[in-house]
Amino acid sequence: ASAARNVGLDIATEEYIAFLDSDDWIKDESLSLLYDEAVKHHADVVMGNMWLCQQDGSIDKPFKCISNGSIKELLYLHKIQARFEEGIMHEDELWCPIVLCQAERMVITNIEFYYYRQNEESVMHTTSLARRLKSLFQVTEGWIKFSDQFVSSKTTVDLRRW
């Protein structure tokens, strides 16, 4: 998934980009509503509501999400050199916080647009726990490496602990 997303970042030509997992879907015409909000507010990132769905597609409940439930400005992503780490699972759990922390302007809307399917046959549910944990440790290491660039000897003890 990371390699495919990186290729998408390399070849995309429009102003904003959204990522969609293969078993999820987007509500008709909702991306244009998110785009309008992005342009109106000159936002690097625009987030909307995401629906949690069962495997059969039935809707369970809405929730806010910083992962797939957003569109990002392509120029901004190129500026911060946002790339997905390849070879790990949970790559979006590393990528998204790093992207959001560097955004100058982010808009959170109530636009319903992303349907996130809970699929028992997905890679997340069929991969060994050991491999998933290894990836989560790599994600944590990536967060620490990213946050280290903002920590100095002048940083408060509480912030450094966090």
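In the predicted model, helix 4 (residues 91-102) has end C-alpha atoms that lie 17 Å apart, which agrees with the 16 Å that its twelve residues should span at 1.5 Å a residue. The buried residues of this helix are Glu 91, Asp 92, Leu 94, Trp 95, Cys 96, Ile 98, Val 99 and Leu 100, so each of them has a relative accessible area under 20%. The cover over these buried residues includes helix 1 (2-11), helix 3 (74-79) and helix 6, together with strand 3 (45-53), strand 5 (70-73) and strand 6 (106-117).

Six salt bridges are found in the structure. Glu 91, one of the buried residues of helix 4, is linked with Arg 5 and Asp 21 in a network of salt bridges.

A further salt bridge joins Glu 112 to Lys 27, with 3.8 Å between the closest N and O atoms. Because Glu 112 belongs to strand 6 whereas Lys 27 lies in the loop between strand 2 (25-26) and helix 2 (30-41), this pair ties together parts of the chain that are 85 residues apart in sequence. Both partners fall into the partly exposed class, Glu 112 with a relative accessibility of 31% and Lys 27 with one of 36%.

Lys 79 forms a salt bridge with Glu 104, for which the closest N and O atoms are 3.5 Å apart. This pair likewise links distant parts of the chain, since Lys 79 is in helix 3 and Glu 104 is in the loop between helix 4 and strand 6, 25 residues apart. Lys 79 is exposed at a relative accessible area of 58%, and Glu 104 is exposed at 68%.

Within helix 2, the side chains of Glu 37 and Lys 40 meet in a salt bridge with an N to O distance of 3.8 Å. These two residues are three residues apart in the helix, and Glu 37 and Lys 40 are therefore separated by about one helical turn. An α-helix has 3.6 residues a turn, so residues three or four places apart point the same way. Lys 40 counts as exposed, its relative accessibility being 56%.

A nonpolar patch on the surface is formed by Leu 129, Leu 133 and Phe 137, which together have about 330 Å² of accessible area. Phe 137 is located in helix 6 (residues 129-148), an element that is also included in the cover of the buried residues of helix 4. With a relative accessibility of 57%, Phe 137 counts as exposed, because the cut-off for that class is over 50%.

Definitions and conventions: Residues are numbered from 1 along each chain as its sequence is written. This is a predicted model: local features need pLDDT of at least 70, side-chain atom pairs count only at pLDDT 80 or more; totals for chains, interfaces and linings use all residues. Side-chain values use heavy atoms; hydrogens and water are left out. Patches are made of residues with over 30% relative accessible area and no salt bridge: like charges are joined within 9 Å, nonpolar side chains (Val, Leu, Ile, Met, Phe, Trp, Tyr) within 5 Å. Accessible areas come from the Shrake-Rupley method with a 1.4 Å probe; for residues, only the protein chains shown count as cover. A salt bridge is a side-chain nitrogen of Lys or Arg within 4 Å of a carboxyl oxygen of Asp or Glu. Helices (H or I, at least four residues) and strands (E, at least two) are DSSP runs, numbered from the N terminus. Buried means under 20% relative accessible area, exposed over 50%, partly exposed in between (1.4 Å probe, protein chains only). The expected span of a helix is 1.5 Å times one less than its number of residues. Contact means heavy atoms within 4.5 Å.
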